[in-house]
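Visitor: Hey, got a minute to walk me through this one? I'd like to start with how a pair of helices pack.

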Amino acid sequence: MSNRKSSLMPGDAEKLRRRSAADSAESYVDPEQHPQFPRRQSQTDRLCVGPQHPELGAVETPPPDASAHHFCHYTPKCFLAVHRGGQGTSARSTPSQYGEEGWHEGTTKTTIRAENEVEAHREANNYKFGFRKWKGNVTERPIEDRSDVIKELYSDLSIVKPREGSVVTFGNIVYVFLFGWWTSLIYLLICPIMFLTIFGAPYGKLCLKMAWYFIWPFGKSLEKPSDVAKSSMVKPPKCEVIPEEGDTEDSEDHVKDKDSAPLLVSSPIPVDIPIPEAPARKTSKHWCRISTYVWLFLGYPVLAVVHSLACVLSWLLVFTIPVAKMNARTLTTVLLMAPEDVLIHRLDKTHGCEARVILCCYQAFNVYYYKYTVQGINIFALNLLPLVLITLIIGYADHENNYFSAETKFATAITSIIPLSYYIGMGIASISAQSNFAVGAVVNATFGSITEMTFYITALLQGHHAATKCYEEIVKAALTGTLLGCILFIPGICMIIGGIKHREQRFNSRSAGVSSALLFISIGGVFAPTLFSKTFGNLVCESCSNIPGNASVPFICKDCHYDTSQTDPHLILTHIEPLVYTISVLLPASYLIGLIFTLKTHSHIYDIHISDGQGGHAHGGHHVVHWSRWRALGVLIVATVLMACCADLSTENIEPMLTHSSISQYFIGVTVLAMVPELPEIVNGIQFALQNNISLSLEVGSCIAVQVCMIQIPLLILFNAFYDVGFVLLFSDIHLWASIFSVILVNYIFMDGKCDYFQGTALVVVYLILLALYFFAPSPRSC
């Protein structure tokens, strides 16, 4: 069919576009291939071409292809040209104020599809400097718009689906050993008890059937007889006749004027299909039987415990959630039915249509359940939430360690930080996506570093109360470990995983250069007092040996270090403290300049286009957020309080590991205390890399590293100024040289604007070498 301009009226074109809005996701238009979409727009520009903007002129609608099932191949979409710091919207594009010189060779154009306005705002915030990067959705996605893999995760177990292949899989065999045999055994043990009661004999037969079912439920279905014939479920087909190209009359007008319409005019023909009414359901009388109450008192309570235990265990294992759904359906539905109504059939056999499927399961194990969410909360974060309550109970109820050791308390407390960090991140992303730039910036600045700051302050307070400098060294090791992990490990692991899937990935070298420059400033400022102390401090040695009168034997000294406490305090301490306070002012000022540079004056180095995948006007106002702003704020406050409690318990119970452990305290601080709170960020970075968005993966690590140096350390200095806990910004040599070397290496990697798994491997290997260095290093003198 030839492509020619349609002669439809404007009102008709609007109706056609509305009818094709559902298929708009299939007609994605690359803005690079269509000149009507400008390359850049001022700040955040919206260019919606369609009937809702008649001032932009009429849009030609190509005729449908012969193989298509919808009217329009092209549905006008809404593209958001989002740049850092942009908040304004405009209907028309404005010329760039930077000209061609503003476009650097390293500038990368990225087109991202968002489902609605809130998701578009969240995606835009990911590219803003200083904002926390968040991969997960903050709004509900319609299940019909998701992939088949995700649909399978949320499918109902009462739906019989065609399945290819055998049900004898590794996961199903594992189910037999983990759940099937003992669940079936319980049914077999209850069966004779029900037969002995005589009245409960029907339920004894039910136990036999359920024992046979649960030993291998795959490929079988639990059904309930129904009086409703299958014919009553018939739905009228969608009959619709597409008018000819030259026909300018609306189909609805033809229907209204069908009495006077010519016979040969193409118009929809209404078809009346009689549908028999469903007969009224008969009320079950099994609740009036004695056998039912015998079952409820003897059999059901035991099976309720069994199925509840199997449900909880399979839910906690995540990948066996289908088993949890199956046990929950059995407990709440099947075991409360009349025993004669429970029918078990194999799915490969055909039966009459007079039955309704209650339970049907094909697989017990699905590896994709790591993507499963409940109200937008990832399943792992949801399953770890009870651990927080357990940590608080055993931590504050057992002060004397009578029932749980200090190591166990520390392990549970540090693990509880992981889900709390996730909830804080989701709360920040939810508020930022639903608010303007100012509110989002305040929330990110307030709660963005709350996880780390809570632990650092509680550790310093613990050390101050215990009158030991060991906790201060642990905090410095954790600060350095966060730097090394964010500079080396997070970019490295993202490059490896992303490079394996995509071979070679490209990123915006201009934005990476900004992050590298800020990292250099950060490292220089943080370690300036350390270099100052090494220049003007005294080299003090703990033990020196020499043989008197024998000049040929060298003078041997051990445990030498620079010490400022042995010199004139007016010469050193009066210089170091002003230097530290000066740096604590200059670093946040540099961070503020970086914000202005990337969000305001030079936002053109980013070219981010976020397109509404559902059509610019289809779902813009119909999204449903997982967390409202007030709910997200409440979650943030509660998670922060719980984070403070867990941090307090972890620092309180870390003392045995510091005093009696054979592992270096440096290693404990650099690894466990530094990287465990960052696990949600690592997962976000990996997910970005898998979607070939390595730019955001690198920004995840760089943003955290910059915030550690330019926000967290100045805040610690400010806290020490008001409440003296003895925190001095002087680091050990191992922290100094490891950090400087890491920044130089990552700056070299970021130079060419592209990466692969080899470069990622180099970063990870260097990180592991530094970890080995910390592992074999002697403990700090104060510990």
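Guide: Sure. α9 and α10 cross in a left-handed way. Keep in mind that this is a predicted model.

Visitor: At what angle do the axes of α9 and α10 cross?
Guide: Roughly 135 degrees, and the two axes come within 8 Å. Helix α9 covers residues 379–397, and α10 covers 406–433. At that angle α9 counts as oblique to α10, because the cut-off for roughly antiparallel is over 145.

Visitor: And by class, which residues make up the contact of α9 with α10?
Guide: There are 13 nonpolar, five polar and one charged. On the α9 side you'll find L384, L385, V388 and I394, among others. The α10 side includes K409, I418, P419, L420 and Y422.

Visitor: OK, switching topic. Where does F218 lie?
Guide: In the loop between α5 (201–215) and β4 (220–225).

Visitor: Is F218 buried or exposed?
Guide: Buried: its relative accessible area is 0%, and the cut-off for buried is under 20%.

Visitor: What does F218 touch, leaving out residues up to four places away in sequence?
Guide: V167, N172, Y175, C361, Y362, Q363 and A364. As for S166, it sits 52 residues from F218 in sequence and 9.8 Å away in space, C-alpha to C-alpha.

Visitor: Last one: how many residues does α14 have, and how far does it reach?
Guide: Helix α14 (509–526) has 18 residues and reaches 25 Å from first C-alpha to last, close to the 26 Å expected. Its buried residues include V514, L518, L519, I523 and V526, along with serines such as S511 and S515.

Note on methods:
Residues are numbered from 1 along each chain as its sequence is written. This is a predicted model: local features need pLDDT of at least 70, side-chain atom pairs count only at pLDDT 80 or more; totals for chains, interfaces and linings use all residues. Side-chain values use heavy atoms; hydrogens and water are left out. Helices (H or I, at least four residues) and strands (E, at least two) are DSSP runs, numbered from the N terminus. Buried means under 20% relative accessible area, exposed over 50%, partly exposed in between (1.4 Å probe, protein chains only). Contact means heavy atoms within 4.5 Å. Axes are lines fitted to C-alpha atoms, for helices over the stretch in contact, and angles run from 0 to 180 degrees between N-to-C directions. Angles under 35 degrees count as roughly parallel, over 145 as roughly antiparallel, 65 to 115 as roughly perpendicular and the rest as oblique. A crossing is left-handed if the near helix is turned anticlockwise from the far one by less than a right angle, and right-handed if clockwise. Ala, Val, Leu, Ile, Met, Phe, Trp, Tyr, Cys and Pro count as nonpolar, Asp, Glu, Lys and Arg as charged, and the others, Gly among them, as polar. The expected span of a helix is 1.5 Å times one less than its number of residues.
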